[in-house]
Amino acid sequence: MSDQKKLPAPITNPETKAFWDAAAEGKFMIKRCTACGEAHYFPRSICPFCFSDQTVWEQSAGEGEIYTFSIMRKSPTGPYAIGYVTLKEGPSLQTNFVDCEFDALKIGQKVKVVFKPTDGAPLPFFTPA
């Protein structure tokens, strides 16, 4: 349950720099395609739905619900929980769940983004809302 382990800094590139800069300000960003209207995560220049390059940054509410999850109890670094969250804006993403009792997690549970520090930009994780 405790997240005291050191997290690696994310590797940035010109395509993702705006995402990591916003994360440093506590903002969770997604991309939206202006050609087809679909939101997507992980943010990238080309829309994964229609392959248009007409995408714009959009700040997500950072809220969603658990679609599925697994608790890993046998790990050299201690137990952890991973799963998929469906954001209010539509995209689903894989994440780790932090700052919670893993046995209390439930499918459909409301969650919100939290950022954990690294030596670079903070990393987004999710915790119960």
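Which residues are buried in helix 1 (residues 17-24)? Some notes from going through the model, starting there.

1. Helix 1. The buried ones are Phe 19, Trp 20, Ala 22 and Ala 23, where buried means under 20% relative accessible area, exposed over 50% and partly exposed in between (1.4 Å probe, protein chains only). They sit on the same side of helix 1, because they cover an arc of only 160° around the axis; that arc is taken from the directions from the helix axis to the C-beta atoms. Their cover includes strand 1 (29-33), strand 3 (55-59), strand 7 (110-116) and strand 8 (123-128). After helix 1 comes Gly 26, with a positive phi near 80°.

2. Ground rules. This is a predicted model, with residues numbered from 1 along each chain as its sequence is written. Local features need pLDDT of at least 70 and side-chain atom pairs count only at pLDDT 80 or more, while totals for chains, interfaces and linings use all residues, and side-chain values use heavy atoms, leaving out hydrogens and water.

3. Overall layout. The protein chain has 1 helix and 8 strands, in the sequence pattern α-β-β-β-β-β-β-β-β. Helices (H or I, at least four residues) and strands (E, at least two) are DSSP runs, numbered from the N terminus. The radius of gyration is 15 Å, which agrees with the value near 14 Å for a compact globule of 129 residues; the figure is taken over C-alpha atoms, and the globule rule is 2.2 Å times the number of residues to the power 0.38. The C-alpha trace spans about 45 × 35 × 20 Å along its principal axes. Buried residues make up 38% of the 129.

4. The open sheet. Here 3 strands line up in the order 2-1-3, with antiparallel pairing; two strands pair if DSSP finds at least two bridges between them. Strand 2 (39-40) and strand 3 are at the edges with a single partner strand each, so one side of each has no neighbour in the sheet. Strand 1 and strand 3 are joined by 5 bridges, and Lys 31 stands opposite Trp 57 in strand 3.

5. The hairpin of strands 5 and 6. Strand 5 (residues 80-87) runs antiparallel to strand 6, with 6 bridges joining them. Gly 83 stands opposite Thr 95 in strand 6. There are 4 residues between the strands, and Gly 90 has a positive phi near 120°. Along strand 6 (residues 92-97), Leu 93, Thr 95 and Phe 97 point to one face and are buried, whereas Ser 92, Gln 94 and Asn 96 point to the other and are not.

6. Pro 91. This one is in the loop between strand 5 and strand 6, and at 7% relative accessibility Pro 91 counts as buried. Leaving aside residues up to four places away in sequence, Pro 91 touches Ala 39, His 40, Tyr 41, Val 85 and Thr 86, with contact meaning heavy atoms within 4.5 Å. From Pro 91 to Trp 57 is 14 Å, C-alpha to C-alpha, with their positions 34 residues apart in sequence.

7. Cysteines. The structure holds 0 disulfides, a disulfide being a pair of cysteine sulfur atoms within 2.5 Å. For Cys 50, the nearest cysteine sulfur belongs to Cys 33, 3.6 Å away. Cys 50 is partly exposed at 34% relative accessibility, while Cys 100 is buried, at 6%.
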